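Q: I'd like a close look at just one part of this model, please. Walk me through it as you would at the bench.

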Amino acid sequence: MSSSVVTAYVDGRYLPLAEARVSPMDRGFLFGDGAYEVIPVYSRRAFRLDEHVARLANTLGAMRLPNPHAAEEWKALILELVARNPWDDQSVYLQVTRGADTKRNHAFPGPEVKPTVFLMSEPLVTPSAGQRASGIAAVSAADIRWLRCDLKTVSMLANCLLRQHAIDHGCMETVLFRDSFLTEGAASSVFVCKDGVLLVPPKSHLMLPGITYDVVLELARTHGMKHEVREVLEAEVRSADELWMTSSTKEVLAITTLDGRPVGDGKPGPMGRQMHAWYQDFKNTVMRNG
Ligand code: PDD
């Protein structure tokens, strides 16, 4: 599909993505001064839309960037973009920056500078059957990010370096440790299974509050899978029976090798298969046919 048919949105206007433009003075470009969201869309219905819009509002609030839209306006913009694009299942990308001033200045511009709002969409690509069957390989690294990893900002250099570290090692994801504790992945949340119990760190300033993280914990609660939300030691990750990465686009995906060593028996395990099935069932009943 040529990019000219992909519809994007910039500052009040829907237009072909290939024609979308922002100024080089935009603070998103100059400083990484912006917030973003990635929202999966199934059968043209945006998954957990209220939660994504609320997380965006939270990021903007912490950045001291006045939210340019009320929740209902955001939802209308997103659904209009979905309607204007050709795919039933989409991944909507949404970004708000502090706008373009006439001079480069670290300090915030005055109220005359309006935020830049950009949205685009692409077909939703979830893991392939092959990736689900064998799981994926991950490496580990020290979490070199800042102390506000709970904010979904476009200042993503550390995440990009950490994801590239995985690619350089022929892997898909980097599992991050800070002071010998698990935080998350370069672009995903990470869950651990040990002796039949699902473990995940509590939300804090050291990790993104994942929308999929919440769904997985809700499903564990609903179906009675034993789980503990608590700090997880690096040693527990390294001796895990199963590891999963979760995100809006990867859903629930087994990590079957870490730093070249098998996780458990090196195959996707029963708890992950079960959670993946519950996730698909939830998605299909609540989203596609709900
Ligand atoms: N990333 N942690 C980090 C650092 C992430 O970048 C993401 C998602 C997640 C999972 O969050 P959610 O379940 O809400 O997708 C956790 C998106 C998909 C991205 O940057 O493309």
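What should the 14 residues of helix α3 (residues 71-84) span at 1.5 Å a residue, and how far apart are its end C-alpha atoms?

A: First, a caveat: this is a predicted model, where local features need pLDDT of at least 70 and side-chain atom pairs count only at pLDDT 80 or more, while totals for chains, interfaces and linings use all residues. Residues are numbered from 1 along each chain as its sequence is written, and side-chain values use heavy atoms, leaving out hydrogens and water.

Now α3: the expected span is 20 Å, and the end C-alpha atoms sit 20 Å apart, so the two agree. (Helices are DSSP runs of H or I, at least four residues, and strands are runs of E, at least two, numbered from the N terminus; the expected span is 1.5 Å times one less than the number of residues.)

Which way does α3 face? Its buried residues (under 20% relative accessible area with a 1.4 Å probe, protein chains only) are W74, K75, L77, I78, L81 and V82. They take up an arc of only 160° around the axis, which puts them on the same side of α3; the arc is taken from the directions from the helix axis to the C-beta atoms. An α-helix has 3.6 residues a turn, so residues three or four places apart point the same way. Over on the other side of α3, E72 and A83 are exposed, meaning over 50%.

And what covers that buried side? Going by contact (heavy atoms within 4.5 Å), the cover includes the strands β1 (7-10), β2 (13-16), β3 (34-42), β5 (90-97) and β6 (116-123), along with helix α2 (49-63).
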